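I opened the model today and kept notes as I went. Each entry records what I looked up and what I found.

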Amino acid sequence: MRQEQRRQVCTVTLNPSLDYMVSVENFRLGYTNRTAYECLTAGGKGINVSTVLKNLGIGNTALGFMAGFTGQEAMRQLRERGIESRFVMLHKGQTRINVKLQSVEGTEINGQGPDISSRELACLTDQLSKLAAGDVLFLSGSIPACLPQDTYLHFMEKLAADVMTVVDASGELLTKVLPLRPFLIKPNRHELEEIFGVTLTDRLSVIPYAKKMQEMGAGNVLVSMAGQGAVLLAEDGSVYEAPAPEGKLVNGVGAGDSMVAGFVAGWLEKRDYGHAFRMGLAAGSATAFSEGLASGKEIRALYKEIR
């Protein structure tokens, strides 16, 4: 493995966005409404992971696709956050805008995003093929409709041996990569229920199905359960489970991404599964208790409350 300071940590967001988050008091359908609050923020699951990693002191590079003036604005915001990016710029279309009406029961209108050509996809695949043993790669979120469901599998087949892969996806996008033995997967409870056609009511009921994911090839299986906390089946056979720390839910957007980032940050710090699990739970909860993605200070403060 290369020296620690030379490790590359990369995240992939195939369909990033500018999230236009607005709050409207006394919203009335069919009338002109005016915002009480608005914010335009670069988003997408991999971008969320990049942001929280940076907040925890881990430099990283955001990869994926951007397009048009909306893509330029998203990359400008990443530069402001101190995050390096090497997105493939698409020749057509615009990076999507997602409208999130926070004051109306979490109502959202998400854009489709631009089409991606086979040549543009090959450019990203070529970037990933240059990663080396000891590097870390996050593959996060859903993919654009123009790409096949084996896209993550295709990426991982092109990687060098011993690249540490982290996959946070659902359905076939996740199950197809398991034979390639990703270091970490993070399904939430509902995604696990969908894969196995079961109903999971508590943390203990999750354990047998997380074990099945390991039998299918996953190394570490971290299952997020919102207010019920999380469960980890570690590659060494140990099992960790804990409730979420107490706090007021403010905004659950990005909590799962934060958990993934916190877990890997904890693992890179100490190579200890217990520490990594607590860091993941602290990061996910800290974001849930915040208006936006949690800061490193907020995460480490909450970590001290988790036993």
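**Entry 1: Leu-153 and its contacts**

I am working on a predicted model. I began with the contacts of Leu-153, skipping residues up to four places away in sequence. Leu-153 touches Lys-176, Val-177 and Leu-180. I then checked one of these pairs along the chain. Leu-153 and Leu-180 are 27 residues apart in sequence, and their C-alpha atoms are separated by 8.1 Å. I placed Leu-153 in helix α4. Is Leu-153 buried or exposed? Its relative accessible area is 19%, and the cut-off for buried is under 20%, so Leu-153 counts as buried.

**Entry 2: the nonpolar cores**

Next I looked up the largest nonpolar core, and I found 41 residues in it. I listed the members with the most contacts inside this core: Leu-14, Leu-124, Leu-128, Leu-137, Tyr-152 and Val-167. Which helix gives the most to this core? It is α4, residues 151-157, with 4 residues.

I followed Leu-14 further, leaving aside its neighbours within four places in sequence. Its contacts include Phe-65, Ile-116, Leu-124 and Ile-143. Pro-144 and Leu-147 are also on the list for Leu-14. So are Thr-151, Tyr-152 and Phe-155.

I also noted another core, of 38 residues, lying apart from the largest one. Among its residues are Leu-268, Tyr-273, Ala-286 and Ala-294.

**Entry 3: a sheet of four strands**

I traced an open sheet of 4 strands and wrote down the order β3-β2-β7-β8. The pairing is mixed. Which strands stand at the edges? They are β3 (37-43) and β8 (107-109). Each has a single partner strand, so one side of each is left without a neighbour in the sheet. Neighbouring strands here are turned by 20° against each other on average, with direction ignored.

I went through the pairs one by one.

- β2 and β3 are antiparallel, over 7 bridges. Asp-19 has Thr-41 in β3 as its bridge partner.
- β2 and β7 are parallel, over 6 bridges. Ser-17 has Arg-96 in β7 as its bridge partner.
- β7, residues 96-101, and β8 are antiparallel, over 3 bridges. Lys-100 stands opposite Glu-108 in β8.

As a reminder to myself, strands of a sheet pair through backbone hydrogen bonds, either parallel or antiparallel.

I also checked how covered β2 is. This strand runs over residues 17-23, and 5 of its 7 residues are buried.

**Entry 4: helix α2**

I tested the length of α2, residues 68-80. At 1.5 Å a residue, its 13 residues should span 18 Å. I read 19 Å between its end C-alpha atoms, which agrees.

Which residues of α2 are buried? I found Thr-70, Gly-71, Ala-74, Met-75, Gln-77 and Leu-78. They cover an arc of only 155° around the axis, which puts them on the same side of α2. The general rule is that an α-helix has 3.6 residues a turn, so residues three or four places apart point the same way. I then turned to the face of α2 directed away from the buried side, and there I found the exposed residues Phe-69, Arg-79 and Glu-80. After α2 comes Gly-82, with a positive phi near 80°.

**Entry 5: positive phi outside glycine**

Most residues other than glycine have a negative phi. I looked up two that do not.

Asn-26 has a positive phi of about 55°. I found Asn-26 in the loop between β2 and β3. Its relative accessible area is 69%, so Asn-26 is exposed.

Asp-162 has a positive phi near 70°. I found Asp-162 in the loop between α4 and β10 (164-168). Its relative accessible area is 64%, so Asp-162 is exposed.

**Entry 6: Gly-237**

Where is Gly-237 found? I located this residue in the loop between β13 (230-233) and β14 (239-242). Gly-237 has 59% relative accessibility, so it counts as exposed. I checked its separation from Lys-211, which is 26 residues away along the chain. The C-alpha atoms of the two are separated by 9.5 Å.

Notes: Residues are numbered from 1 along each chain as its sequence is written. This is a predicted model: local features need pLDDT of at least 70, side-chain atom pairs count only at pLDDT 80 or more; totals for chains, interfaces and linings use all residues. Side-chain values use heavy atoms; hydrogens and water are left out. Two strands pair if DSSP finds at least two bridges between them. Helices (H or I, at least four residues) and strands (E, at least two) are DSSP runs, numbered from the N terminus. Axes are lines fitted to C-alpha atoms, for helices over the stretch in contact, and angles run from 0 to 180 degrees between N-to-C directions. A nonpolar core is a set of buried Ala, Val, Leu, Ile, Met, Phe, Trp, Tyr and Cys residues joined through side-chain atoms within 4.5 Å. Buried means under 20% relative accessible area, exposed over 50%, partly exposed in between (1.4 Å probe, protein chains only). Contact means heavy atoms within 4.5 Å. The expected span of a helix is 1.5 Å times one less than its number of residues. The arc is that of the directions from the helix axis to the C-beta atoms.
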